[in-house]
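I opened this notebook to look up where the parts of one chain touch and where its annotated positions lie. My entries follow the structure.

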Amino acid sequence: MRVLAAMSGGVDSAVAAARAVDAGHDVTGVHLALSRSPESDRTGARGCCTLEDARDARRAADVLGIPFYVWDLAERFETEVIDQFVESYAAGRTPNPCVRCNERIKFAAVLDRALALGFDAVVTGHHARLDLDGTLRRSVDPAKDQSYVLGTLRPEQLGAARFPLGDSTKAQVRREAAARGLAVADKPDSHDICFISGGDTGGWLRERIGSRPGPIVDSKSGQTLGEHDGTFAFTVGQRRGLRLGHPAPDGRPRYVLDISPVTSTVIVGPAEELDIRRLVADRAAWPHEGVVTCQAQVRAHGGVVAAEAEARGDDLVVTLAAPVRGTAAGQAVVLYDGDRVLGGGHIRVTAA
Amino acid sequence: MTYLDHAATTPMRPEALTAYAAVLADTGNASSLHASGRRARRIVEESRETLADVLGARPSDVVFTGGGTEGDNLALKGLYWARRRAEPARRRVLVSAVEHRAVLDTVQWLGAEQGAEVELLDVDAAGMVHPDTLAVALERDPAAVALVSVMWANSEVGTVEPVAELAAVAHRHGVPFHTDAVQAFGQIPVTVGEEGPDAITVSAHKIGGPVGVGALVVRRGLVLEPLTHGGGQERDIRSGTLNTAGVAAFAAAAATACAQAPREGARLAALRDDLVRRVQEKVPGAVLNGAPLGGPQRLPGNAHLTFPGCEGDSLLMLLDARGIECSTGSACSAGVARPSHVLLAMGAGEEHARGSLRFSLGHSSRAADVDALVEAIGPVVERASRAGALAGMTGA
C-alpha cells in the first residue's frame with residue numbers, strides 16, 4: 001500500500017511511521033505546517049507547530065529512510081480550527097480544538113489530499129485501535145487513550161486511517177523509538193493547545209476577543225459576587241481563578257455553572273448544580289437506530305458514565321445513568337460499548 | 001534519477017573535483033610567510049587571475065567570499081554604509097521586485113534597521129526591469145540614491161535583465177550598480193566591461209564548483225565597508241582564512257563553464273525547448289512563465305511552467321516519487337512552499353504562482369532526462385489536479 005504518515009515531530013507519529021515501513025508499505029512522511037508564523041523553538045509542552053518540531057519530524061523520516069515533505073495547511077487550520085475556537089469561546093462554549101482538527105484537518109483536508117494524490121491510507125500516531133472492520137477501540141494504554149478525540153469521525157473518514165500504536169502503551173512506544181534510534185524517543189509529551197504559545201488560553205483569547213467586563217452572579221441568591229474581564233476566560237465547572245469579591249451567602253465554594261456572552265454574565269453556584277444527567281449533541285457520527293445502552297465520555301480525560309443514547313433527527317440525545325459534573329457545551333460526547341467506540345457528537349445543550 | 005534542478009546546485013565538474021581534492025590534501029595558509037603558505041598563496045592568486053580573466057576584470061577586483069549570499073550582503077550593506085558615510089543624504093536603495101532573497105531580505109534589513117528607503121522596481125510580465133523604470137525612479141531624487149541592484153538573470157524564471165543598460169542609467173546619475181549574477185555566470189557571458197556593473201556577485205556551486213565559495217567582483221575605486229572584521233585577507237573588505245581548495249576548484253569550474261558556455265548554451269536551449277514543447281503536448285494547459293523561448297532574454301537551461309489547477313508542491317512530490325527532481329521556486333525555512341514573489345511581481349495571480357514548477361538543466365543534462373519528465377508529467381498532473389480541485393483551485 002502507498003501510505004502517508006502524518007509526522008508531528010513527536011515520538012508517537014515517528015513510531016507509527018516506522019511500523020508502517022516495517023509492515024511493508026511504501027511510506028511517505030508529511031509534516032503539517034499549521035502555523036502561519038511558526039516559532040523557531042518549542043516552548044513549554046506545545047505539540048507540533050514549531051520549526052523545531054518540523055526538524056524533528058524530518059530527522060525521524062531520515063532515520064526511517066522515507067521521503068519527507070511539509071504540507072502547508074496553516075490557512076485551512078486558521079479558518080477551520082483557530083477561528084472556530086475563538087468564536088466558540090466568544091459564544092460561551094468550551095471547544096476541543098483537537099477533535100475539530102481531526103474532523104476538519106487530519107481526517108479531512110489531509111486525508112482527501114492524500115487519496116487524491118494516490119495514497120491508499122493515512123497513518124497517524126494516535127493511541128487508539130482500529131479494527132479491520134472499521135471499529136474504533138480504546139488504546140490498551142488507558143492513560144494515553146485518544147479514542148475520544150477520534151470518536152466523532154465518520155466511517156468514511158476512519159476508512160482510510162491507520163493507527164498502528166493502539167496495541168501498545170506509551171512506555172512501549174518510547175522504548176521502541178529508542179531501540180530504533182529515533183532521537184524523539186524521550187521528547188516530552190504535548191499537552192497544551194498547539195496554537196497557544198505558553199499555554200495561557202485566557203490571555204490568548206483576550207487578545208482576540210477583547211475585554212468585555214461583566215458580573216459574576218450567584219445562582220442561589222441572585223447576588224453579584226464579583227466582576228470579570230470577559231466570559232471567555234471561564235469554563236463550566238471551573239472553580240479556581242473566580243476571584244470573587246464576596247463570599248457566597250452560604251460560605252460554600254462556587255463553580256461556574258453557566259456563561260451568557262450576550263449579557264456578559266457568569267453564573268456560579270454550588271458543586272451539585274453542575275450535575276448533568278442529560279445532554280443533546282449535534283449528531284456527528286452515529287450509525288445506530290433506537291435507544292442504545294452504552295457508556296458516555298464527555299471530556300478528554302475521565303467523565304465516563306453509563307448512558308442511553310438515541311438519535312433524533314440531527315440530534316443525538318444522551319441520558320446519563322449517573323450525573324457527571326462540569327460538562328460544557330462545545331465539548332464532544334463519545335459513546336462506547338466497553339472499549340468499542342459507537343459514535344459521538346458535539347454537545348449543544350446540557351440539563352440536570 | 002532525473003535531476004532537473006541545476007539552478008539549485010549542479011554536480012561538481014571533474015576538473016573542479018580534481019583541483020579541490022588535490023589542494024585539500026595539501027597544508028598551507030595562504031597568509032603564511034613560509035613555503036607552504038607561498039604555495040597556497042600562489043594557488044589563490046592563480047585562481048583569482050583565472051576568474052578575473054573570464055569575468056573581464058582585473059585580478060585585484062576579485063574578492064573571494066563564502067558564496068552568493070555573502071557576496072550580496074557584502075555588496076549591499078558594504079556599499080550602503082560606505083555611501084551613507086560619505087554622503088548621509090543617500091538613503092534610497094533601488095532593487096528589482098524579483099531579486100533573490102539574499103538581496104531582498106538584506107535591503108529590507110537595511111530599511112528596518114539602518115534607515116534605508118527601499119524601493120522595489122517593477123518588472124514586466126516576463127520579469128524584466130525596463131531601463132525607463134529605473135530612470136524614472138532615479139530621477140525622483142537622484143542625489144538621495146545610495147545604490148541600485150538588479151540581478152543579471154532571475155533565479156526562478158530565468159529572465160535575463162538588461163544589465164548593461166540599467167548600469168548605464170545608474171551611472172548617468174553617478175550611482176553605483178550591483179548585480180547578483182549567481183544564476184547567469186557560466187551560462188551566458190558575464191563581464192564587468194567598461195560601463196557595466198560596479199559590483200558582481202558570483203558563486204561556485206552553481207557552475208560545477210563546491211558549495212561555500214564565491215566572489216564579489218568590485219570595480220577599482222568602489223569603497224565598501226566590510227561585514228566581517230579580522231585579518232583583512234581580501235583587500236580589507238573580507239576577512240577570514242582563504243579557502244584555498246575552494247577557490248582553486250571554483251576557478252577550475254569557471255574556466256570550463258565559461259569556455260564551454262557558447263556551445264553548451266545552444267545544447268541546453270535545444271534540450272529545454274524540447275522539454276517545454278513536449279510537456280505542453282502532454283499537458284496542453286501548461287503555461288510557460290518568463291521570457292519567450294529562443295530569445296536572448298532567457299537563460300538556456302531554464303523552463304518554468306505553471307500547471308493550472310495544480311499545487312506546485314503536489315507536483316513536486318509526485319515527480320519526486322518517480323525519481324524526477326525539480327523545484328517549486330521559493331521555499332521557506334520550514335520547507336513550506338509559498339507563492340513565488342517573482343511570479344506575483346510579474347502580475348500572476350496567487351493560484352497561478354502556486355501551481356508552478358521550475359525545471360533547470362545543466363552540464364550533466366541529457367535527452368533521457370527530458371524523456372523521463374515527458375513520460376511522467378501527464379499522470380502526475382492528472383493526480384495533482386484532483387488534489388488541487390479539493391483545495392479549491394479552479395484551474396482558470
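I looked first at the contact between two domains, and I found that five residues of domain 2 of chain A are in contact with four residues of domain 3 of chain A, where contact is taken as C-beta atoms, placed from the backbone, lying within 7 Å. On the side of domain 2 of chain A that touches domain 3 of chain A, I noted three nonpolar residues, two polar and no charged; Ala, Val, Leu, Ile, Met, Phe, Trp, Tyr, Cys and Pro count as nonpolar, Asp, Glu, Lys and Arg as charged, and the others, Gly among them, as polar. The centres of these two domains, taken over C-alpha atoms, are 27 Å apart.

I noted that this is a predicted model, in which local features need pLDDT of at least 70 and side-chain atom pairs count only at pLDDT 80 or more, while totals for chains, interfaces and linings use all residues. Residues are numbered from 1 along each chain as its sequence is written, and chains are lettered from A and ligands numbered from 1 in the order in which they are written.

Next I looked up the UniProt record, an unreviewed entry, which lists A:Cys101 and A:Cys194 under "active site"; such annotations may be inferred rather than shown by experiment. The two are spread over 94 residues of sequence, yet they cluster in space, with a largest C-alpha distance of 10.8 Å.

Is A:Cys101 buried or exposed? I entered A:Cys101 as buried because 25 C-beta neighbours lie inside 10 Å, the cut-off for buried being 20 or more other C-beta atoms within 10 Å.

Methods
A residue is buried if 20 or more other C-beta atoms lie within 10 Å of its own, exposed if 12 or fewer, and partly exposed in between; C-beta atoms are placed from the backbone. Domain bounds come from an automatic or database domain assignment.
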